[in-house]
Amino acid sequence: MGYTALIIVALLCGAAGGFAAARGTRRYGRTNSAGPTVAELLQRFVHTSGGGVVVLNKFGDVVLHNPRADELGLIHDQQADPRARKAAEQALATGRPVPVDLSPLGRNPLPGREPAAVLGAVRPLGDGFTVIDAADESEAVRLEATRRDFVANVSHELKTPVGALALLAEAVLDAADDPDEVRRFSTKILHESTRLGTLVSELIALSRLQGAERLPELTTVDVDAVVEEALGRSRLAAESAGIEIAVDDPTGYLLDGDQTLLVTALSNLIDNAISYSPPGSPVSISRRLSGDYVEIAVTDRGIGIEPEYHQRVFERFFRVDPARSRATGGTGLGLAIVKHVAANHGGEVKLWSRPGTGSTFTLRVPKHGAGIDDGRPAVGQDRAEPVRSESADGVTAVETGGVR
């Protein structure tokens, strides 16, 4: 009986243990099926974070890091950047976060491949551990540099005519008894004041184009009317320079946009061609339809532009020949305005140029009915294939260097 009782007790214990084990297994299975644990979610968060994250122990060894830390250069040969390790020591000593600049040193980052400015902070986690949290701030640094350059350029450009006006006004006062001198200085004052007014107007126009404002209500625009009005604005400058402007026959092309802005852009291209062409040389304007785009090309036989400047000519205040631009009253904003007008219409401006041969600027805007979104180019919009054009001297060129 004793042995029987022991066997029964053993069987009961075994059954109870099996039931408990089975119940535990089912509970574990239910827990797993409910989703990942908090630790797993935290690990996923760290590994998919847009910033670089590195955890160091009190000896400065890497305990944990995510793939983004490798991309940002926080880790080299399984070791944290020396600047980060030094900041970690300071964070452990003070118990406070320490900002650190981890930008690449002694290297020339390639655009789109390696960040140029990596900024972050090192924070203590306790028990001798620290975390490095860094992000790519290249775009913010670039925008800040652009803003500083813009302010410096505007200040310089405004200072020149304002200073000239002050000096000329003093000269007029000193020559008050000499009518000829007064007339001569007054003419110069008029010239400088006109230049100042043009600069301010173009700055305002460029500011509006670069902002987030929607274009005014779009209307159906006659391309021939745009060309005719732009020619009217530039005719006096062309006659003064002895330059004849050749225009192709009207086409009847239509597009959706703002006629005033388009006329401004085209007249800027024509004025630019006149300013950089020798007296007596021809300038031509042509229109054509290329797929869903209307193209208006302005060609000159001027000094041409070196290839390394093809992109930079669309920057604000950039001048290929500063002395010539100042002599003709140029502000350095004309092509920047053209670029933004084209972009706000869902198009682009393209450039072909060869030193000593001349240049062709092509304004490309979607034709009527092609459709644009709020006056802005669509994200990921494919660029058109290069357009081959035949110049008057028989040189075939490929128009390249389109700028958004």
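Visitor: Is Arg288 buried, partly exposed or exposed?
Guide: In this predicted model, the relative accessible area of Arg288 is 35%. Buried requires under 20% and exposed over 50%. Arg288 is therefore in between, that is, partly exposed.

Visitor: Which residue meets the side chain of Arg288 in a salt bridge?
Guide: The N to O distance of the pair is 3.1 Å, and a salt bridge needs such atoms within 4 Å. The partner counts as buried, at 3% relative accessibility. The residue is Glu295.

Visitor: How many residues apart are Arg364 and Glu295, which form a salt bridge?
Guide: The closest N and O atoms of Arg364 and Glu295 are 2.6 Å apart. Arg364 lies in strand β14 (residues 358–366) and Glu295 in strand β12 (residues 293–300), so the pair links distant parts of the chain. Both Arg364 and Glu295 are buried. Their separation is 69 residues.

Visitor: Which residues are linked with Arg288 in a network of salt bridges?
Guide: Glu295 has salt bridges to Arg288 and to Arg364. The network also takes in Glu348. Linked with Arg288 are Glu295, Glu348 and Arg364.

Visitor: Which strands hold Asp133 and Arg123?
Guide: The two residues form a salt bridge, with the closest N and O atoms 3.9 Å apart. Asp133 is partly exposed at 32%, and Arg123 is partly exposed at 35%. The pair ties together parts 10 residues apart in sequence, because Asp133 is in strand β7 (residues 129–136) and Arg123 in strand β6 (residues 118–126).

Visitor: Which residues of strand β10 point to the buried face?
Guide: In a regular strand the side chains alternate between the two faces of the sheet. Along β10 (residues 254–257), Leu254 and Asp256 point to one face and are not buried. Those on the other face, which are buried, are Leu255 and Gly257.

Visitor: What is the bridge partner of Asp222 in β10?
Guide: Strand β8 (residues 219–222) runs antiparallel to β10, and 4 bridges join them. Within β10, the partner of Asp222 is Leu254.

Visitor: At what angle do helices α8 and α10 pack?
Guide: Two packed helices are described by the angle between their axes and the distance between the axes. For α8 (residues 259–275) and α10 (residues 334–344), the axes are 9 Å apart, and the crossing is left-handed. The residues in contact comprise 8 nonpolar, 4 polar and no charged. The angle is about 145°.

Definitions and conventions:
Residues numbered from 1 in each chain as written. Predicted model: local features only at pLDDT ≥ 70, side-chain atom pairs only at ≥ 80, totals over all residues. Heavy atoms only, no water. Buried < 20%, exposed > 50% of the residue type's maximum accessible area, 1.4 Å probe, protein only. Helix = DSSP H or I, 4+ residues; strand = E, 2+ residues; numbered from the N terminus. Pairing = 2+ DSSP bridges. Axes fitted to C-alpha atoms, helices over the stretch in contact; angles between N-to-C directions. Left-handed = near helix turned anticlockwise from the far one by under 90°. Nonpolar A, V, L, I, M, F, W, Y, C, P; charged D, E, K, R; others polar.
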